[in-house]
Amino acid sequence: MRRTKRRRLDPARLDGAAFAPPGPRQSVAQQARFETVPFHTTEEEPRELNLKHLLPGSTTPGEGPVLLIGGTSVRADIFSPPTEDTLPEFLARAGYDVWILNWRASIDFAPSEYHLDDAAVYDHPAAVRTVLERTGAETLKAVVHCQGSTSFMMSIVSGLLPEVTTVVSNSVALHPQLTSLSFLKLPLAVATFGKVMPYFNPQWGLHAPGFWPKVFDWAVRATHHECNNAVCKHSSFTYGSSFPTLWSHENLDEATHEWIKGEFGFVPVTFFAQMAECAAAGHLVTMGNYPDVLPSDLFAQAPQTDARFAFMTGDQNNTFLPSGMAKTFDYFERIAPGRHVFQQMHGYGHLDVFLGRHAARDVFPFILDELNRG
Ligand SMILES: [Zn+2]
């Protein structure tokens, strides 16, 4: 069993690299719609994480709880851009009790080095348990995105989330496939820059503390000319090789493009190192730190879950290729033909399926339908 030595964080190494982003946040009115529900993980040194719970409005949440989980380098607020309508509000109006997880990758917390395995073993099971305790429900449904999705998939196929009945997974699930340029760039970045800095941080576009962040910022400025938003461009550079990588500018309104500046922050090299291994293998690879609960080979046994899956992705996704999502769907389809769904969103990319100006028209109804199908 391969074991990864866990590095202890030396604050001196951070050199400000992991500072939390300033910039625009949710409006006061939006913030007032959510209560924060803290909970602890069960690891040896328990972590305090939290859930943002959308307070019920005029609609009674008769459809039960739904748990939303975003990616790395962001926070729960990523589902609440300043668009006319957001997914949490959309689902709440349809009768769902909406909970959004700040897992250990959230930039609302102090920076830490982690692997997807940590979230799979500790964060997601504890979050599900907390929602069920608070609501009195016996099961819940989930909408998971990007690395919130990969880590959730690790957890659910390993049998750690038996209470989850329906999962809508966006962009990437069990088979991360990168564009050929990103495929080359990712291990190179880990082997070079990753040796001198423990984090990448799109906030370096606004403030680059120290020599290496300045070098990184120089590289972004030299290669990215697609817009005037430094955090947008750094996010594109950090997460791929497109212009931009995570969305198409046509799909974002001006306010959301500006809002992004405050919503992307530190992400540890430990995560990128694992993702490079996954991309090379063509499927998720665990780090082998939890052999009793997380199998080193996630595909050695059938998925340990009765959940139904709806896999979705933008057909213009430059972060993770739609062919990877198709592969995960095929895997589940072979096990239970006709039970699961795969949908590509025409004209959308990685994250604009949630942030896009027309996402409420083009994407949210699909998510709602799939949740309602059970
Ligand atoms: Zn931009």
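**View 1. Cys-227 and the zinc site.** Cys-227 is tucked away in this predicted model, with a relative accessible area of 11%, so it counts as buried. Its SG is one of the protein donors of the zinc ion, alongside Cys-232 (SG), His-249 (NE2) and His-257 (NE2), and these sit 2.1 to 2.3 Å from the metal. The angles among the four donor atoms run from 102 to 116°, which makes the site tetrahedral. Along the sequence, the donor residues follow the spacing C-x4-C-x16-H-x7-H. Cys-227 and His-249 link distant parts of the chain, 22 residues apart: Cys-227 is in the loop between helix H8 (211–223) and helix H9 (230–238), while His-249 is in the loop between H9 and helix H10 (254–259). His-249 is buried too, just like Cys-227.

**View 2. Cys-146, a cysteine without a disulfide.** If you're hunting for disulfides, a search of the whole structure turns up zero. For Cys-146, the nearest cysteine sulfur belongs to Cys-278, and that is 12 Å away. Cys-146 itself is buried, at a relative accessible area of 9%.

**View 3. Helix H5, under cover.** Cys-146 also belongs to the buried residues of H5, which include Phe-152, Met-153, Met-154 and Ile-156 as well. In fact, 12 of the 12 residues in this helix are buried. H5 covers residues 146–157; at 1.5 Å a residue it should span 16 Å, and its end C-alpha atoms are indeed 16 Å apart. Just after the helix comes Gly-159, with a positive phi near 85°.

**View 4. Arg-75 meets Asp-108.** Here's one of the 12 salt bridges found across the structure: the side chains of Arg-75 and Asp-108 come together at 3.0 Å, N to O. The partners are 33 residues apart, with Arg-75 in the loop between strand E3 (64–69) and helix H3 (87–93), and Asp-108 in the loop between strand E4 (96–102) and helix H4 (116–135). Arg-75 is buried at 4% relative accessible area, whereas Asp-108 is partly exposed at 30%.

**View 5. Glu-370 and its two arginines.** Glu-370 forms a salt bridge with Arg-308, their closest N and O atoms lying 2.7 Å apart. Arg-308 is in strand E9 (residues 308–314) and Glu-370 in helix H15 (residues 364–373), so the contact ties together parts that are 62 residues apart in sequence. Both Arg-308 and Glu-370 are buried, with Glu-370 at 6% relative accessibility. Glu-370 also forms a salt bridge with Arg-373, at 3.4 Å between the closest N and O atoms. Those two are three residues apart in H15, so about one helical turn separates them.

Methods: Residues numbered from 1 in each chain as written. Predicted model: local features only at pLDDT ≥ 70, side-chain atom pairs only at ≥ 80, totals over all residues. Heavy atoms only, no water. Donors = N, O, S within 2.8 Å, 3.2 Å for Na, K, Ca; no water. Tetrahedral: all angles 85-135°; square planar, octahedral: opposite > 155°, others 65-115°. Helix = DSSP H or I, 4+ residues; strand = E, 2+ residues; numbered from the N terminus. Buried < 20%, exposed > 50% of the residue type's maximum accessible area, 1.4 Å probe, protein only. Disulfide = S-S within 2.5 Å. Expected span 1.5 Å × (residues − 1). Salt bridge = Lys/Arg side-chain N within 4 Å of Asp/Glu carboxyl O.
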